[in-house]
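Thanks for coming. I have one model to show, and I will keep to a few places in it.

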Amino acid sequence: MELKVINASGQAAASVTASDALFGRDYNEALVHQVVTAYLANARSGNRAQKGRSDVAKSTRKPWRQKGTGRARAGMASSPLWRGGGKIFPSSPDENFTQKVNRKMYRAGVATILSQLVREDRLVVVDAFTAETPKTKAFAAKLAAMGLNERTLIVTDNLDENLYLASRNLPNVLVLEPSQADPVSLVRFKKVLVTREALKQIEEILA
């Protein structure tokens, strides 16, 4: 598998050899869906809590007598049928949303996403990507010169302070190291820019 390497003007200047198993895999929509869904589910903190009928601050006194009023019978104001009453099946703060995905499946899912990015011409490689100054304006101009005007994920082997500071104020740009590249980010961004060294590290991680 040959991936194109672009220069500072966004033109294809060379090519780099990449793993066929990682960038030439057939698309498996079910696997990608499972991996992305599991990643999002595992990121949930599970700290929401609701009150049952025994938890709400209501009196347990019977609101009115059982018969003779013409109204429906009622036992207590904490009834789930009443406004302000307790929840019938309340969510627990220790609720577990995690989904298990085998390591082999996860790596295959990420490889499938990377292969689809290559097929859709959304993944490009550069020799290196740095920021000379921590200025967002200069950083944005550099991306524009390379033709990266859409949502862009940058995977670099050297995330220094200048690069971090220059990119953090751009809402449509995210800079990560190879070990931090996740399925959701790879799917969410329109363009993925990878340095040569980061490409080698990704291949080692997913080998």
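I will take a helix pair, then a strand pair, then one loop residue.

First, the ground rules. This is a predicted model, where local features need pLDDT of at least 70, side-chain atom pairs count only at pLDDT 80 or more, and totals for chains, interfaces and linings use all residues. Residues are numbered from 1 along each chain as its sequence is written, and side-chain values use heavy atoms, with hydrogens and water left out.

Helix 2, residues 29-42, packs against helix 3, residues 103-119, at an angle of about 115°, with the axes 9 Å apart. Helix 2 and helix 3 are therefore roughly perpendicular (65 to 115 degrees). On helix 2, the contact (heavy atoms within 4.5 Å) is made by Leu31, Val32, Gln34, Val35 and Val36. Helix 3 contributes Met105, Tyr106, Ala108, Gly109, Thr112 and Ile113.

Now the strands. Strand 4, residues 152-155, is covered on both faces: Thr152 and Ile154 on one side, and Leu153 and Val155 on the other, are all buried, meaning under 20% relative accessible area with a 1.4 Å probe, protein chains only. In a regular strand, side chains alternate between the two faces of the sheet. Strand 4 runs parallel to strand 5, residues 173-176, and 4 bridges join them. Val155 has Leu176 as its bridge partner in strand 5.

Last, Ala181, in the loop between strand 5 and helix 6 (183-188). Is Ala181 buried or exposed? Its relative accessibility is 19%, so Ala181 counts as buried. Leaving aside neighbours within four places in sequence, Ala181 is in contact with Tyr106 and Leu176. Tyr106 is also one of the helix 3 residues in the contact with helix 2, and Leu176 is the partner of Val155.

Note on methods:
Axes fitted to C-alpha atoms, helices over the stretch in contact; angles between N-to-C directions. Helix = DSSP H or I, 4+ residues; strand = E, 2+ residues; numbered from the N terminus. Parallel < 35°, antiparallel > 145°, perpendicular 65-115°, else oblique. Buried < 20%, exposed > 50% of the residue type's maximum accessible area, 1.4 Å probe, protein only. Pairing = 2+ DSSP bridges.
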